[in-house]
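Work through the exercises below with the sequence and the model open. Each task is followed by a solution in steps.

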Amino acid sequence: MRIIAVDTADRRRITVVLADGSGLRDAIVLSNVTVDRGLPPALAELDLEGLTALVVVTGPGSHTGIRAGMAALLGIAQACNLPLHSAGALEVVAHGAPTDAAVVHAVADAGRGGLFVGEFRRVADELVEVGGSRRVLAAGHRPPAGAVTVALDHLPPGLDESVVVAASDAALAAAALVAVRRPALRPGDISSHAPAG
């Protein structure tokens with residue numbers, strides 16, 4: 001199994017990984033670059049030979065980034081006749097939590113003083129989202145008691161040092177390995193996963 005996964009949901013970061021059955025094999029993480037300038041060369045750097053699946057992050061996050069990531073991977077999926085799977089942005093964040101965390105509070109910077117947050121519970125070896133993602137104000141935000149709070153690559157504004165800051169490449173690879181066990185997206189699914197506006 002060889003998977004390319006792309007996360008363009010974060011306004012500050014593009015993460016592209018190559019994963020196989022044992023986890024992360026290669027990664028490119030770009031900061032402060034636009035998706036149109038960063039994603040094509042990042043994809044070109046990775047070995048696309050022998051791919052079995054693609055995974056795209058569907059949000060919440062930057063509408064422009066998510067659409068660009070989806071378009072790029074949809075093009076590769078169609079050109080190479082590969083299945084395209086999806087993973088939510090907060091699902092990726094949750095996969096950055098320590099593997100012994102029973103309850104995970106995933107957070108991502110939503111811009112303009114906000115956070116995207118989502119709760120996940122570990123059931124066997126799977127992280128299951130509870131209640132869906134939502135946008136909250138960062139100021140005064142308090143994670144649920146007993147949950148491990150996780151962010152990727154940097155501490156979002158308004159949160160304290162108790163947050164686990166995980167590497168986006170390892171978290172994306174872990175989420176991709178879970179995503180490919182779910183059914184692939186069908187052409188009609190793509191528009192329902194794309195952000196509005």
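A cavity is a set of grid points where a 1.4 Å probe fits but cannot get out, and lining residues have an atom within 4 Å of such a point. The model used throughout is predicted.

**Exercise 1. The largest cavity**

Determine which element gives the most to the lining of the largest cavity, and describe that lining.

Solution.
1. Start with the count: there is one cavity of 30 Å³ or more. The space in the largest cavity comes to about 180 Å³.
2. List the lining. It consists of 18 residues, and those nearest the centre of the cavity are Asp10, Arg13, Val93, Ala108 and Asp109.
3. Assign elements. At least two lining residues come from each of H3, E6 and strand E9 (148-152). With three residues, E6 gives the most.
4. Sort by class: ten of the lining residues are nonpolar, three are polar and five are charged.

**Exercise 2. Strand E2 and its partners**

Is strand E2 (residues 13-20) enclosed or open, and which strands pair with E2?

Solution.
1. Apply the cut-off: a residue is buried when its relative accessible area is under 20%. Eight of the eight residues of E2 are buried, so the strand is largely enclosed by the rest of the structure.
2. Separate the two faces. Arg13, Thr15, Val17 and Ala19 point one way, while Ile14, Val16, Leu18 and Asp20 point the other way; all are buried.
3. Take the pairing with strand E1 (residues 2-7). E1 and E2 run antiparallel and are joined by six bridges. Aspartate 7 is opposite threonine 15 of E2, and five residues lie between the two strands of this hairpin.
4. Take the pairing with strand E3 (residues 23-31). Eight bridges link E2 and E3, again in an antiparallel arrangement. Leucine 24 of E3 is opposite alanine 19, and the hairpin from E2 to E3 passes through two residues.
5. Combine with the cavity: Arg13, one of the residues nearest the centre of the largest cavity, is also one of the buried residues of E2.

**Exercise 3. Histidine 95 and the largest pocket**

Which residues line the largest pocket, and what does histidine 95 touch?

Solution.
1. Note the volume of the largest pocket, about 170 Å³.
2. List the lining: Ala94, His95, Ala97, Thr99, Arg122, Ala124, Asp125, Glu126, Leu127, Ala174 and Val178. The elements that supply two or more of these residues are strand E8 (126-137) and helix H4 (168-179).
3. Sort by class: six nonpolar, two polar and three charged residues make up the lining of the pocket.
4. Place histidine 95, which sits in the loop between helix H3 (89-94) and strand E6 (103-111).
5. Find the contacts of histidine 95. The side chain comes to 2.9 Å from the backbone oxygen of glutamate 91. Leaving out residues up to four places away in sequence, histidine 95 touches Leu127, Ala171, Ala174, Ala175 and Val178.
6. Compare the lists. Leu127, Ala174 and Val178, which histidine 95 touches, also appear in the pocket lining.

**Exercise 4. Leucine 84**

Is leucine 84 buried or exposed, and how many residues separate leucine 84 from glycine 158 in sequence?

Solution.
1. Locate leucine 84 in strand E5 (residues 84-87).
2. Check accessibility: the relative value is 5%, so leucine 84 counts as buried.
3. Read off the separation. Leucine 84 and glycine 158 are 74 residues apart in sequence, and their C-alpha atoms are 35 Å apart in space.

Definitions and conventions: Residues numbered from 1 in each chain as written. Predicted model: local features only at pLDDT ≥ 70, side-chain atom pairs only at ≥ 80, totals over all residues. Heavy atoms only, no water. Buried < 20%, exposed > 50% of the residue type's maximum accessible area, 1.4 Å probe, protein only. Helix = DSSP H or I, 4+ residues; strand = E, 2+ residues; numbered from the N terminus. Pairing = 2+ DSSP bridges. 1 Å grid on protein atoms, 1.4 Å probe; cavity = no way out; pocket = protein on both sides within 12 Å on 5 of 7 lines; lining within 4 Å. Points joined across faces, edges and corners; volume = space filled by probe spheres on them. Nonpolar A, V, L, I, M, F, W, Y, C, P; charged D, E, K, R; others polar. Polar contact = N/O pair within 3.5 Å; in protein donor to acceptor, adjacent residues only side chain to side chain. Contact = heavy atoms within 4.5 Å.
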